[in-house]
Amino acid sequence: MTLAAVNRVLLALLGLALLAAGASVLTASGPFGGRHEPLLAPHGPGWPAPWWAVLAVLGVCVLLALWWLLSQLRRARLAAVLVDTGDGAFAVLRGRALEEAVEADVREAVEGVARCRVTLHGRRGAPALRVALELEPYAVPADVLAALAGPVLGRARTSAALAALPAEARLHVTPRRARRVT
């Protein structure tokens with residue numbers, strides 16, 4: 001499940017919980033005794049019996065909120081890739097260096113690309129690329145994808161000594177305004 005999906009689910013659950021709480025307070029029914037009963041009346045002598053459950057639920061909510069906050073702060077980019085040197089050892093390739101090399105290769109080898117942005121994600125031993133391409137209006141998307149999947153990703157796999165380098169490409173066309181004729 002992606003981070004965006006988790007955020008949507010958490011917001012939907014929070015919205016439903018707030019809607020239910022608001023509806024029960026407005027109607028003074030459900031967990032409350034009635035309209036004229038105090039909201040936090042003690043249940044008996046000492047600590048009220050149902051409030052331990054409320055505190056447990058609040059504790060779980062705090063832990064889930066902390067987990068969600070930490071997941072928001074996590075880096076989306078892969079910092080380094082492990083490269084097999086062939087002698088049983090591994091070298092570390094900076095992720096940003098691989099991203100920049102692929103970007104430069106796309107700009108040089110693929111015709112019709114106005115801008116290119118590459119992001120490396122995944123695990124150190126199994127990286128993957130996200131490539132966002134902004135195409136010129138004259139560019140043929142099938143040709144751009146063929147050039148990206150063939151020579152560009154082939155050189156990246158070879159240079160990093162990777163068996164596989166999956167890539168996700170997103171194509172956008174550069175908007176051009178019509179010229180005015182005067």
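**Exercise 1.** Determine how strand 4 is joined to strand 5 in this predicted model.

*Solution.* Start with strand 4, which covers residues 127-135. Between strand 4 and strand 5 there are 7 bridges, and the two strands run parallel. To fix the register, take valine 131: its opposite residue in strand 5 is alanine 169.

**Exercise 2.** Place strands 3, 4 and 5 in their sheet and explain what is left without a neighbour at the edges.

*Solution.* First, the order: the sheet is open, has 3 strands and reads 3-4-5, with mixed pairing. Next, the edges: strand 3 (113-122) and strand 5 (167-173) each have a single partner strand, so each has one side without a neighbour in the sheet. Last, the twist: with direction ignored, neighbouring strands of this sheet are turned by 15 degrees against each other on average.

**Exercise 3.** Describe how helix 3 lies with respect to the strands.

*Solution.* Locate helix 3 at residues 95-109. This helix lies across strand 3 and strand 4. Against strand 3, the helix runs at about 150 degrees.

**Exercise 4.** Which elements make up the chain, and in what order do they run?

*Solution.* Count the elements: 4 helices and 5 strands. Then read from the N terminus, which gives α-α-β-β-α-β-β-α-β.

**Exercise 5.** Characterise the burial, contacts and exposed area of the chain.

*Solution.* For burial, take under 20% relative accessible area as the cut-off; 24% of the 182 residues are buried. For contacts, consider residues at least 6 apart in sequence: 48% of these contacts join residues at least 24 apart. For area, the chain exposes about 13,200 Å², of which carbon and sulfur atoms supply 64%.

Technical notes
Residues are numbered from 1 along each chain as its sequence is written. This is a predicted model: local features need pLDDT of at least 70, side-chain atom pairs count only at pLDDT 80 or more; totals for chains, interfaces and linings use all residues. Side-chain values use heavy atoms; hydrogens and water are left out. Two strands pair if DSSP finds at least two bridges between them. Axes are lines fitted to C-alpha atoms, for helices over the stretch in contact, and angles run from 0 to 180 degrees between N-to-C directions. Contact means heavy atoms within 4.5 Å. Buried means under 20% relative accessible area, exposed over 50%, partly exposed in between (1.4 Å probe, protein chains only). Accessible areas come from the Shrake-Rupley method with a 1.4 Å probe; for residues, only the protein chains shown count as cover.
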